[in-house]
Amino acid sequence: MAGKGRPRSESTEKAILNSAHKLVTDHGFQAVTIEGIARHAGVSKATIYKWWPNKAAVVADSFFTTLKEQYPVPDTGSVIEDLVIQISNLSAFLASDEGRIIRELIAEGQSDSDVAEAYQSRYFSPRREVSRTILERGVERGEMKSGLNLELCVEMIYAPLFYRLLITGERVDEEFLRSVVSCVLKGLGAL
């Protein structure tokens, strides 16, 4: 959350986020420091700490920004297609070298509550909101029944992806993801 005083400079914020993203992608979460991000971005540590409470927060923001740029929110006119595209994009990202950082944050968050709060509030909550928006559009277009617990829909759609990526290592492909979306929406009586 931004502190008091002058508003954030967009160019400075972008330099910090780009630096965090590059350094963490190149060296891993554990190896990167706020000092290193500041040096790479050409700013002071105080500037970073004025805008982010810790390294995990700036890293999570950098990855959410990258994900938004690489994978815009789909709007094909079909809730099922939009969800399959959205979950496929997330799956591809999480399975990539860049996505390894998010997996590292999840692991680190198991023993560090500040890291857990940073990735939940700055990365996963915004991703959930995107999925909720897709579902709300489906309700508005009459593709889905109203009155559904959309939060439960989101959790049930994404849980199998994380289970396979983080626990079993089983393959995640479009056929699997399409099946998950269809089963969840049909199973909850959404369609």
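Is isoleucine 167 buried or exposed? Let's look at this predicted model in a few close-up views.

**View 1. Isoleucine 167 and its nonpolar neighbours on the surface.** Isoleucine 167 is exposed, because its relative accessible area is 61% and exposed means over 50%. You can find isoleucine 167 in helix H8, which covers residues 150-168. Together with Tyr163 and Leu166, Ile167 makes up a nonpolar patch on the surface. The three side chains of this patch share about 320 Å² of accessible area.

**View 2. The stretch that carries a UniProt annotation.** Here you see residues 33-52, which an unreviewed UniProt entry labels "DNA-binding region". Follow the chain through this span: 75% of residues 33-52 is helix and 0% is strand. From one end to the other, the C-alpha atoms are 13 Å apart.

**View 3. Two cysteines without a disulfide.** A disulfide is a covalent bond between the sulfur atoms of two cysteines. This structure has zero of them. Cysteine 153 takes part in no disulfide, and its nearest cysteine sulfur belongs to cysteine 183, 13 Å away. Why is there no bond between cysteine 183 and cysteine 153? Their sulfurs are 13 Å apart, so they are too far for a bond.

**View 4. How the two cysteines sit relative to the surface.** Cysteine 153 counts as buried, because its relative accessibility is 1% and buried means under 20%. Cysteine 183, on the other hand, is exposed, with a relative accessible area of 52%.

Conventions: Residues numbered from 1 in each chain as written. Predicted model: local features only at pLDDT ≥ 70, side-chain atom pairs only at ≥ 80, totals over all residues. Heavy atoms only, no water. Patch = residues over 30% accessible without salt bridge, like charges linked within 9 Å, V, L, I, M, F, W, Y side chains within 5 Å. Areas by Shrake-Rupley, 256 points an atom, 1.4 Å probe, with all protein chains shown as cover. Salt bridge = Lys/Arg side-chain N within 4 Å of Asp/Glu carboxyl O. Helix = DSSP H or I, 4+ residues; strand = E, 2+ residues; numbered from the N terminus. Buried < 20%, exposed > 50% of the residue type's maximum accessible area, 1.4 Å probe, protein only. UniProt positions renumbered as here; feature names shortened; annotations may be inferred. Disulfide = S-S within 2.5 Å.
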